[in-house]
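User: Hi, I have just opened this one and would like a walk through it. Could we begin with the charges?

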Amino acid sequence: QVQLVESGGGLVQPGGSLRLSCTTSRSIFSMYPMAWFRQAPGKQREFVARITTGGRTNYADSVKGRSTISRDNTKNSIYLQIDSLKPEDTAVYYCNTWGTANWGQGTQVTVSS
């Protein structure tokens, strides 16, 4: 069983920033591109950002320009920094090994004043 552990969610005011973290095992981390998805209440899970093992990135249009996905190979971790947060960013954010059904437990992000 692949274990992905997310952290860093919370309550943030509109316009604020948040940094999410996801840690997994070294073998998994070195093998797969990693990604962030999110699921808002009543909506389907949607892609947010992806980073390959070589560090190439791509983003959903909804977060492009105000988010950064990165990876730390020494910590087997990826991160998602989102700036200029909006109420519509409110969702449970999930870490994923790209192309697989491996998901973390999710971390709640709530953007509200």
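Analyst: Before the charges can be placed, it helps to know that Lys and Arg count as positive and Asp and Glu as negative, while His and the chain ends are not counted. Please keep in mind that this is a predicted model.

User: OK, so how far apart are the mean positions of the positive and negative charges?

Analyst: The protein chain has 12 positive and 7 negative charges, and their mean positions lie 6 Å apart.

User: Switching topic, how many helices and strands are there, and in what order do they run?

Analyst: The protein chain holds 1 helix and 10 strands. Starting at the N terminus, the order is β-β-β-α-β-β-β-β-β-β-β.

User: And what does the radius of gyration say about the overall shape?

Analyst: A compact globule of 113 residues would have a radius of gyration near 13 Å, and because the protein chain has 13 Å, the two agree. The C-alpha trace spans about 40 × 25 × 20 Å along its principal axes.

User: How much of the chain counts as buried?

Analyst: Of its 113 residues, 44% count as buried. The accessible surface comes to about 6,000 Å², and carbon and sulfur atoms account for 47% of that.

User: What about contacts between residues at least 24 apart?

Analyst: If one takes the contacts between residues at least 6 apart in sequence, 54% of them join residues at least 24 apart.

User: Let's go to β10. Which of its residues are on the covered face?

Analyst: In strand β10, which covers residues 107-111, the covered face has T107, V109 and V111, whereas Q108 and T110 are on the uncovered one. In a regular strand the side chains alternate between the two faces of the sheet.

User: Which strands are joined to β10, and do they run parallel or antiparallel?

Analyst: Strand β2, residues 10-12, is joined to β10 by 3 bridges and the two run parallel, with L11 standing opposite T110. Strand β9, residues 91-97, is also joined to β10 by 3 bridges, but this pair runs antiparallel, and here A91 stands opposite V109.

User: One last residue: where does T68 lie, and is T68 buried or exposed?

Analyst: T68 lies in strand β7, which covers residues 67-72. With a relative accessible area of 45%, T68 is partly exposed, because that class takes in values between the 20% limit for buried and the 50% limit for exposed.

User: What does T68 touch?

Analyst: Leaving aside residues up to four places away in sequence, T68 touches Y59, Y79, L80 and Q81. As for L80, this residue is 12 residues from T68 along the chain, and their C-alpha atoms are separated by 5.7 Å.

Notes. Residues are numbered from 1 along each chain as its sequence is written. This is a predicted model: local features need pLDDT of at least 70, side-chain atom pairs count only at pLDDT 80 or more; totals for chains, interfaces and linings use all residues. Side-chain values use heavy atoms; hydrogens and water are left out. Helices (H or I, at least four residues) and strands (E, at least two) are DSSP runs, numbered from the N terminus. The radius of gyration is taken over C-alpha atoms; the globule rule is 2.2 Å times the number of residues to the power 0.38. Buried means under 20% relative accessible area, exposed over 50%, partly exposed in between (1.4 Å probe, protein chains only). Contact means heavy atoms within 4.5 Å. Accessible areas come from the Shrake-Rupley method with a 1.4 Å probe; for residues, only the protein chains shown count as cover. The place of a charge is taken as NZ of Lys, CZ of Arg, CG of Asp or CD of Glu. Two strands pair if DSSP finds at least two bridges between them.
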